[in-house]
Every structure is written in C-alpha cells, then in structure tokens.
Amino acid sequence: MIRSDQALRRRLRARRGAGLAFAVVCLAAAGVSIGALSILLLDVTLDGAGRLSWDFVNSFPSRKPEDAGIKAALWGTIWMMVLTAAFAVPIGLGAAIYLEEYAPRNWFTRVIQVNIANLAGVPSIVYGLLGLALFVRAMDLNRSVLAGSLTMALLVLPIIIIAAQEALRAVPGSIRDAAYALGASRSQMVFYQVVPVAMPGMMTGIILALSRAIGETAPLIMIGALLFVPFTPSDPLDRFTVLPIQIFNWASRPQAGFQENAAAGILVLLVVLLTMDSVAIVLRNRFQRTHKG
Amino acid sequence: MDRVNSMSGASRIKPRGALGTKRRDWREPAVHGVLLLCALVSILTTFAIVATLLEETIAFFEEVSLAEFFGGTTWTPNFTPASYGVLPLLAGTMLIAGLAALFALPIGLITAVFLSEYAPAWLRSILKPLLEVLAGIPTVVLGFFALTFVSPEIVRPLFGTSQIFSALSASIVVGIMVIPLVSSLSEDALTAVPRALRDGAYALGATRFEVARRVVVPAALSGIVASFLLAVSRAVGETMIVALAAGGTPNLTYDPLEAVQTMTAYIVQVSLGDTAQGSIEFRTIFAVGMTLFLMTLVMNVISQYLLSKFREVYE
C-alpha cells in the first residue's frame, strides 16, 4: 500500500516535471519569433538610422550612395498603392458581398469559393508571370505603373475578398431580418444595413491587403519595374520603381554605402507598414468589441 | 377602411407604389449582376494564370523534351550548348523549404499550443500582435536581414565557412517567415477543439501538458497538417529571401552551406536581365513557373481538403 503510494507520487512528480519542461519549451518557441523580430528591427535601425534625413527621402537614386535617395521609389509606391486600391477594393468588396449575401448555395458558388482560397496560395512570382504576359505584353501597357498596379490588384484580391467575407459573416442575422421586415429589398438591406455594420472589418482587410501590396517585390521585378529611376511617374503609363525594389537593388550591391541606404529605405517602408497595421488592428479590436456586446 | 382608402386615393397612392417597385425591379438584377461579375474576376484570374503559363510552357516543350527537363542534372540555359535540366533548381528549392520546415513547423506548432492552451490572456494580447507584425514584414526586408545578419553573424561563425551566400542562411529566414503562418493557423485549429474534450481529460486527472499532447493536438491534427502544408507551399514559393541570400548558381547539392538557386530565384534572375520575348530563355521562366505553380497548387488543394474535413467534424 505504502509502496504503491510512493510510486504514484513519483509518477505524478515525473508527469508534472514533463509539464513544466514543456512550458519552458513553449516560452522558448515563442521567444524565437519575438527574438527574431527584435533583432531584425535592431539590426536595420543600427544600419540605417544614420542615413535617414530629409535629403534621403527627397533625392533621386544616384551612383554615389551618399547622394542617393528614395524620392522616385516613394512616389512610385504611392502611385501603385492608390491605383491598386482603385481596382482591387471595389471588385474585392463586390465579390465578397456577392458570395455572402447573394450567391445561391450551389456547386458554382463552391467552385468560386475554393478557387479564391487557392488563388490566395499562389506564389506572388506567378502573379508576376501573369502580369508580364497579360498586362505588359498582351494588353501592351508596357512596364508601366498601371501594369504593376493591375498585377498587384489581382494578387491582393483574394485577401480582400476573404477578409470582407469574414466581416459580413460576423453581422448578426437579426439585422437582415429587421431590414426585410421593414420592407427593404435585398440590395437595400445589404447596402444600407449590413455593409455599414461590416465596414470596420472590411477596412481592416483592405488595409492589410494594401500593406501586403506595398511590401511585395517579386511580381514587380517580373513585370520589369525599373531599378534605376531618376524621375517620379506623372501618369499611369509612366515607368516606375517602388520602395521594395529600390531596397532590393541597394541590398544586392556589395558596397557598404548602398547597404546602409537599403537599411534606411527599409526603415521608411517599415514605418509606413507598421502605421497601416496598427490602424488595422485598432479598427479590428473596435469591430470585435461592438459585436461581442 | 382599406378598401375605401385604396379606392379614393388610388390615383395618388398607386403610382407611387408602382414606381417604387419598378425601380427596384431593374435595380435588383443590375446590382446582382455587377456583384456576380466581381466574383467572376477570380475565376478569370485563375484561367488567365493557367492559360499564360500553358502557352509559353507548351512552346518551351516543343524545343526541350520533358525527359531532359525533369531528368537533366544541369541547368545552364545561357551556355552553348544549353542544358535544361530543372533538377538543380528543384533540389535548391526543396533544400531551402525542407530546412525551413524542419525548424519552423515544430516552433510554430509549439507556439500555437502555447497560445491556445497555456498563455494567460495578457500574454496572448502581446504575443499575437507581435506575430502579426512579423508576418507583415516584407520578404525583401527579411532577405536583407538574412544577408546582413544571419549569414555573417550566425551561419558563418557557427560553421566556420566563408561563403556569403548559403542555402542555410536563406532557409533560417524563410523559416522565421512561416512561423507566424503556422502558429496562427494551428492555433485556429486548436481553439476549435471543443471545450468538453479538454474537460473530460482534466476530469480523468491529466495534467495540462497531457491534455495538450494526447487530446487537443490529436483532435486538431488535420487542421495542423493543413497549416504545415500551407507553410511549406509558402516556403517553396518564397522569392526575395532566396534571391538575396541563397546565391545565384544552380547547384545540385545536399550541403546547406553551399550556395544554391531556387526556381523562384532563377525567374527573378532572368527578369532582371534583358530577355527577348519568344526566346527560349524567356520561355524557361514560364516552364519553371508552371512547375512551381503545380507544386504549390497540389499542396494548397490538399491543405484546403484537410481543413474542410476538419470543419465538418467540429463546426
């Protein structure tokens, strides 16, 4: 009796020990990502902070690293983001509203849904190949900011659709019933009642999609965004470069001066992205709070 | 009353009502149609991807045999005589994705278990946004990190090599990139496991670790495997990290300390140069792109299937 009691205690100690060990492993695992993120931010800041200045933001690229700046890249990024949003947001929201509020539950709707999920997983460089063949060559838009934005719009479309669908799904059914009960048509119900309630959630998805778009590099290299652009685009058919490509160009040069420029460019890009992400997170938290109550 | 109303005020009330209905009559189908068109854009995109890849790939295989493409062990499209064996690129891709998966999948899963089973609410509310920030770091930035930190500060001193470019430094950073993906998708799967299963195990005297390892993780297994597949597919399709840090030489090797070239990095390399449309070199990027597309598609489809099975069980 006493012996088995002791054995039980020993076993219990071993089991609790295993649990404790695992808790430590858990903390270590979580520490890997947090550590990597901190080191990355620290590394980039140490490399690039000294190079940040108004001249850096407001100069064109140059053969001399100390004269080079990101003016063309920054303007290219703004152009591309605005045009991408102009294409992707209406189509993405339209598709999401169709799938959630209009589509019949049949095989065709399921095909569209599965297809969107798969598109979200297609490597970005494949979108680049599509953009090269379709927009640059077949539609003859050349290597313009318009061709780049269209490519990027197709790339972020699944992200917008999936996020907007989730936002619409979170709207309580009672709102739809109430609108119908007051005699609203389907489109009145959707556009005057459901969409306004889902708006913060949709905005979150849109912001995250756009922040993905301004960080993407590979598809724009494919469609031939320039590496050396000493001008800002003045219309959608102009050639262009964007921040990530400028960073890639500098990072792939061996000279220390250009490495420093790359780090400074990264700092600018990260500040833009983190601002967008925090707006998205705040919006989402507010959205979740209103729907819990 | 009703009848009196409708008779006396018929001329005034009826047209208004009729006008209202009429407007809705053309509006409703129009709205429906426009929205349907938006949804069809995604189908068109898929068709366009497959069509453009197929067109150039077929043209490529008119000049190069399938056996040479998939059986050849040297990839030298710009040499004369050119050689089009995709194996070195495929091996480079698998080497980097495999190594990245080797450490990112366990870390991602353990992070997910931690978030769903262990972490108190306050820690979750710090960890999750940080993981999202990590997930949102552009890959070109991660590539810079691989090149300027991981390679010179970790890989080279640790293994005593002088190589700037190596498969290992690229794959470490690719792994860091996919950890947030694995942890967030796996966590979704873990939290979907019903509370009752956990309570049952606790009632039988299981410790928290035993509940997680023997009950929750097995119950969420298909969702976890789905997240693993998506992560590997993302690693296979990753471009900028490998373009910056893995080197640019097609290399059929298993040594992670050597420089390799992946399929994606090859495509980038070609498009950085000046390649004439219609040339065989231009077509190689579509043939390689097609291979990449099919590989990731297979993994994504299996992952979607597993997820739908998983949802059937628990939702």
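Trainee: In what order do the elements of chain A run from the N terminus on?

Mentor: From the N terminus on, the elements of chain A run α-α-α-α-α-α-α-α-α-α-α. In this predicted model, chain A has 11 helices and zero strands.

Trainee: How spread out is chain A, set against a compact globule?

Mentor: One sets the radius of gyration beside the value from the globule rule. For chain A the radius of gyration is 25 Å, whereas the globule rule gives 19 Å for 293 residues; the chain is well over that value, so it is more spread out than a compact globule. Its C-alpha atoms fill a box of roughly 85 × 65 × 35 Å along the principal axes.

Trainee: How many helices and strands does chain B have?

Mentor: Chain B has 13 helices and two strands. Its radius of gyration, 27 Å, is well over the 20 Å that the globule rule gives for 315 residues, so chain B too is more spread out than a compact globule. Along the principal axes, the C-alpha trace of chain B spans about 95 × 65 × 35 Å.

Trainee: Into which domains is chain A divided?

Mentor: The bounds come from a domain assignment. Chain A is divided into domain 1, residues 2-51, and domain 2, residues 54-292. The centres of these two domains of chain A, taken over C-alpha atoms, are separated by 36 Å. Their contact takes six residues from domain 1 of chain A and eight residues from domain 2 of chain A. On the domain 1 side of that contact there are two nonpolar, two polar and two charged residues.

Trainee: Which domains does the assignment give for chain B?

Mentor: For chain B the assignment gives domain 1 (2-63) and domain 2 (71-314). The C-alpha centres of these two domains of chain B lie 40 Å apart. Six residues from domain 1 of chain B and eight residues from domain 2 of chain B take part in the contact. The side of domain 1 of chain B that touches domain 2 has three nonpolar, one polar and two charged residues.

Trainee: I should now like to consider the interface. How many residues of chain A are in contact with chain B?

Mentor: The size of an interface is often given as the accessible area lost when the parts come together. Here one may count residues instead: 71 residues of chain A are in contact with 71 residues of chain B. Helix α1 of chain A, residues 2-48, gives the most to the chain A side, with 19 residues. By class, the chain A side that touches chain B divides into 49 nonpolar, 15 polar and seven charged residues.

Trainee: How does one describe two packed helices?

Mentor: Two packed helices are described by the angle between their axes and the distance between the axes. Consider a pair across the two chains: helix α10 of chain A (residues 243-251) and helix α6 of chain B (residues 139-159) pack at an angle of about 15°, with their axes 10 Å apart. Angles under 35 degrees count as roughly parallel, and α10(A) and α6(B) are therefore roughly parallel to each other. The crossing of α10(A) past α6(B) is left-handed.

Trainee: Which residues make this contact between α10(A) and α6(B)?

Mentor: From α10(A) come A:Pro244, A:Ile247, A:Phe248 and A:Ala251, and from α6(B) come B:Val140, B:Gly143, B:Phe144 and B:Leu147. These residues divide into seven nonpolar, one polar and no charged.

Trainee: At what angle do helices α5 and α7 of chain B cross?

Mentor: Helix α5 (residues 121-136) and helix α7 (residues 167-191) of chain B cross at roughly 135°, and their axes come within 8 Å. That angle makes α5(B) oblique to α7(B). This crossing is left-handed. The contact is made by B:Leu131, B:Glu132, B:Leu134 and B:Ala135 of α5(B) with B:Pro180, B:Leu181, B:Ser183 and B:Ser184 of α7(B). By class, the contact has five nonpolar, two polar and one charged residues.

Definitions and conventions. Residues numbered from 1 in each chain as written. Chains lettered and ligands numbered in written order. Predicted model: local features only at pLDDT ≥ 70, side-chain atom pairs only at ≥ 80, totals over all residues. Axes fitted to C-alpha atoms, helices over the stretch in contact; angles between N-to-C directions. Helix = DSSP H or I, 4+ residues; strand = E, 2+ residues; numbered from the N terminus. Parallel < 35°, antiparallel > 145°, perpendicular 65-115°, else oblique. Left-handed = near helix turned anticlockwise from the far one by under 90°. Contact = placed C-beta atoms within 7 Å. Nonpolar A, V, L, I, M, F, W, Y, C, P; charged D, E, K, R; others polar. Rg over C-alpha atoms; globule rule 2.2 N^0.38 Å.
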